[in-house]
Amino acid sequence: MILFSKPKRAPRIVIISEVSVGYGTPQVIRVADSLARALGADVTIFEPDQPERPPVDLARHAQSANVTVRRIYTSSHPYSTAGRIEFCLAVASAVKQLAPQAVVVCASYGLPIFYHIDTRRSVNVFYCLEHIPEKRDPTLDLVAKHCQIVVFPERNRARLYSPRLGGPTQGQQILVVMNANVPRAASTASEKVPRIFYGGSFHREMTCAEYFLAPDMAQFPIDVYGIIDGFPDRKAIARQMHGNQGGIRYCGYLEADERYFQTLAKYQYSLVIWNPSNEAQLYAAPNKLFDAIACGVPPLCAPHPQCKEIVSRWECGLITDDWSPESLRSRVSQACNTFGSPFHGLLSDNCRKAMKHGLDWDSQCAELIQAVKKHWADE
């Protein structure tokens, strides 16, 4: 017997995040905003206490006043085994008190709460924002047992990961919601700087950062915003780029708020690349791709399937032939030669067209909203 609670005036929705909100995974706040606005819901996000990531001002990230964040402090780091157990037990206790009509678990970190709550009284959503390995994890079976809706950010991941989550089970709905952004203000041609934007982790291997430091790449006008990682001496790498004003340079870390997007919008292109050393990095559903398009900045991408599909469909950017340093260098050189050209203007215009015809967050999230509505209406 299914016992879903019927939503009343202000249905309650709980979202369990695996990261402190405001530092990454912007989809957590975006889905909270969308559900709050579309369903008139009060949405509570539970976030772990990552000591290295202090709480942010939610007003700088969320649009709806009906979205709140509750930070769960744990005696051990939340990513330790003890910390994860403590987090999930605390969240389960709070969820019982709130008695929400919907529970959205973002990534497997929060799945153990399903051991401790009555999942028959809510529509349960697993938002698969992470890599799901082939090796079986017992907690992943909770998706098949308790989640009526499973959301993936990219269709290749849906194909690969759904069986690893024990599904799709009878009646389970599989959705693809791309990591789109909301439309952002674009800069005019006269406001653009003749440089290329690089945002996010600048990792020696994972994001091919070594490529950019080679002499034949370091000459290009690339500005790096993000955390330097994977190098023996990160400060030395930052100093090396600081002294290269005409070529690649390190500009520090920018929080992903409005200032970040205003900065991105002033660039000619935005670089998007991961080393395709595993499934997650090959089938990347990159925020930086959608951020660039939302700001009217053509992405310059490695041939990750989703990047290639979107850029080719909308003719809104450039794609390298492969992941080699030579291919990247060739495409960056081409991009630099098109700064301010009619060709670049056409790519920028096509970014804005894509945002108007389905590549915006509201369009992507609409199917999830309708799915939740349908479960409520059926009960």
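## Cores, a parallel sheet and one helix

In this predicted model, the largest nonpolar core brings together 35 residues, and Ile-13, Ile-15, Tyr-127, Ile-149 and Leu-368 are those with the most contacts inside it. The elements giving two or more residues to this core are the strands β1 (12-16), β2 (42-48), β4 (102-106), β5 (123-127) and β6 (149-152), together with the helices α1 (27-39) and α14 (361-378). Another core, of 32 residues, lies apart from it; Val-14, Val-105, Leu-140 and Val-143 are among its members.

Ile-149 is a handy place to start looking around. Leaving aside residues up to four places away in sequence, Ile-149 touches Val-123, Asn-124, Val-125 and Phe-126, as well as Gln-173 and Leu-175. Its contacts also include Leu-368, Ala-371, Val-372 and His-375.

Now let us turn to a sheet. Six strands make up an open, parallel sheet in the order β12-β10-β8-β13-β14-β15. Its edges are β12 (249-250) and β15, each of which pairs on one side only. Within the sheet, β8 (residues 196-199) runs parallel to β10 (residues 222-225), and four bridges join the two. Tyr-198, for example, has Val-224 in β10 as its bridge partner. Helix α13 packs on this sheet, where it touches β13, β14 and β15, and its direction makes about 70° with that of β13.

Which residues of helix α11 (residues 305-314) are buried? They are Gln-306, Cys-307, Ile-310, Val-311 and Trp-314. These residues lie on the same side of α11 because they cover an arc of only 120° around the axis. The general pattern is familiar: an α-helix has 3.6 residues a turn, so residues three or four places apart point the same way. The cover over the buried residues of α11 includes the strands β13 (269-272), β14 (299-301) and β15 (318-319), along with the helices α10 (287-294) and α13 (342-356). After α11 comes Glu-315, with a positive phi near 50°.

Finally, the cysteines. A search of the whole structure turns up zero disulfides. Two cysteines are set out here with the nearest cysteine sulfur to each.

| Cysteine | Residue with nearest cysteine sulfur | Distance |
|---|---|---|
| Cys-251 | Cys-336 | 15 Å |
| Cys-295 | Cys-351 | 9.6 Å |

A disulfide needs its two sulfur atoms within 2.5 Å, and neither Cys-251 nor Cys-295 is in one. As for their surroundings, Cys-251 is partly exposed, at a relative accessible area of 33%, whereas Cys-295 is buried, with 0% relative accessibility.

Terms used: Residues numbered from 1 in each chain as written. Predicted model: local features only at pLDDT ≥ 70, side-chain atom pairs only at ≥ 80, totals over all residues. Heavy atoms only, no water. Buried < 20%, exposed > 50% of the residue type's maximum accessible area, 1.4 Å probe, protein only. Arc of directions from axis to C-beta. Contact = heavy atoms within 4.5 Å. Pairing = 2+ DSSP bridges. Axes fitted to C-alpha atoms, helices over the stretch in contact; angles between N-to-C directions. Core = buried A, V, L, I, M, F, W, Y, C linked by side-chain atoms within 4.5 Å.
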